[in-house]
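Q: Could you go through this model with me for a bit? I have a few loose questions about strands, charges and cysteines.

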Amino acid sequence: MILDQLAQYSRDRVRLAQASKSLSAIQAEALALPRGDFPFEKAMANPGLSLIGEVKKASPSKGIISEDFPYLEIADQYQTSGVDAISVLTEPKWFLGSDQIFQAIRQRVDLPMLRKDFTVDPYQIYEAKLLGADCVLVIVALLDQDLGRLQDYLSLCDQLGLSALVEAHDLGEIELACQAGARIIGVNNRNLKDFSVDFNNAERLRDAVPEGILFVAESGVQTVSDVQAVTRLGADAVLVGEALMRQKQPGDLVRAFKRGAADAS
């Protein structure tokens with residue numbers, strides 16, 4: 001399964017990173033920074049449907065998505081066209097991302113940013129803080145349904161002032177996320193075990209996320225009508241990657257999505 005491979009590769013990356021900077025060293029650096037004030041979840045809580053624009057060159061299911069990949073230009077267009085936050089892939093093997101890309105975009109924009117990677121170790125949360133992230137992705141399926149481990153990750157995020165987008169794919173994972181105290185739950189329409197997409201997954205699971213917890217619909221959004229459907233089901237935010245990355249002018253599609261969401265509200 002690709003998810004198992006992603007997890008193992010993340011563990012390998014952490015081991016390599018720790019060889020050059022120890023956990024205690026990166027922990028000290030991260031804790032020395034000012035505590036964040038959670039701008040990512042504040043943006044998700046704004047009235048109407050918030051839009052998270054993703055920056056990624058490739059994916060395991062689609063291969064190369066953006067041949068040229070002018071990521072700074074993409075980030076500029078996202079900021080000027082009205083996205084509420086930016087998600088940047090930093091996973092290097094299957095998504096061809098990097099921390100350097102994240103840092104370059106961080107220096108370019110003042111929007112809240114999500115470091116989108118496959119979190120399997122607290123070390124990566126400290127890394128995200130040092131990179132200037134406002135939010136990290138925590139995938140329940142990567143944590144072996146371990147409630148204590150999920151709680152520890154969320155507690156560390158709170159300590160650093162980082163938001164956590166806790167990703168779930170089914171009812172059991174949503175229940176675990178709620179038990180752990182997640183404030184933002186993302187329901188992925190993509191099954192990370194086989195990478196198939198079921199656009200109705202977010203709709204089926206919407207009512208399982210209690211009021212007061214921010215709900216993000218992830219994956220599968222391609223058209224304005226898709227955005228309107230997500231708006232009508234009561235999502236607080238939608239994360240869009242591939243559809244925007246395939247546009248020469250992604251800002252035009254962002255604006256169309258925002259208009260569509262406003263019309264459906």
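A: What follows is a short exchange about this structure, which is a predicted model.

Q: Let's start with S8, then: how many of its residues are buried?
A: Strand S8, residues 184-188, is mostly covered, with five of its five residues buried. Ile184, Gly186 and Asn188 point one way from the strand, while Ile185 and Val187 point the other way.

Q: Why that split between the two ways?
A: In a regular strand, side chains alternate between the two faces of the sheet.

Q: And which strands does S8 pair or bridge with?
A: S7, residues 163-168, pairs with S8 in the parallel sense over four bridges, and Val166 has Ile185 in S8 as its bridge partner. Between these strands the chain passes through helix H8, residues 171-180, in a right-handed β-α-β crossover. S8 also runs parallel to S9, residues 214-218, to which five bridges join it, and there Val187 stands opposite Ala217.

Q: Switching to charges, how many salt bridges are there in the whole structure?
A: A search of the whole structure gives 16. One of them links Glu54 and Lys116, whose closest N and O atoms are 3.0 Å apart. Glu54 is in strand S1 and Lys116 in strand S5, so this pair ties together parts that are 62 residues apart in sequence.

Q: Is that pair buried or exposed?
A: Both residues are buried, Glu54 at 1% relative accessibility and Lys116 at 13%.

Q: What does Glu127 meet in a salt bridge?
A: Its side chain meets that of Arg115, at 3.3 Å from N to O. Because Glu127 lies in helix H6 and Arg115 in strand S5, the pair ties together parts that are twelve residues apart in sequence. Glu127 counts as buried at 16% relative accessibility, as does Arg115 at 4%.

Q: How about Arg255 and Asp252, where are they?
A: They are three residues apart in helix H12, residues 250-264, and so are separated by about one helical turn. Their side chains meet in a salt bridge at 3.0 Å, N to O, and both are partly exposed, Arg255 at 34% and Asp252 at 45%. Elsewhere, salt bridges that share partners join Arg13, Asp99, Arg115, Asp117 and Glu127 into one network.

Q: Last topic, how many disulfides does the structure hold?
A: It holds zero disulfides. The sulfur of Cys157 is 7.6 Å from its closest cysteine sulfur, in Cys135, which is too far for a bond, and that of Cys178 is 16 Å from its closest, also in Cys135, again too far.

Technical notes: Residues are numbered from 1 along each chain as its sequence is written. This is a predicted model: local features need pLDDT of at least 70, side-chain atom pairs count only at pLDDT 80 or more; totals for chains, interfaces and linings use all residues. Side-chain values use heavy atoms; hydrogens and water are left out. A disulfide is a pair of cysteine sulfur atoms within 2.5 Å. Buried means under 20% relative accessible area, exposed over 50%, partly exposed in between (1.4 Å probe, protein chains only). Helices (H or I, at least four residues) and strands (E, at least two) are DSSP runs, numbered from the N terminus. Two strands pair if DSSP finds at least two bridges between them. A crossover is right-handed if, with the strands pointing away from the viewer, the path from the first strand over the helix to the second runs clockwise. A salt bridge is a side-chain nitrogen of Lys or Arg within 4 Å of a carboxyl oxygen of Asp or Glu.
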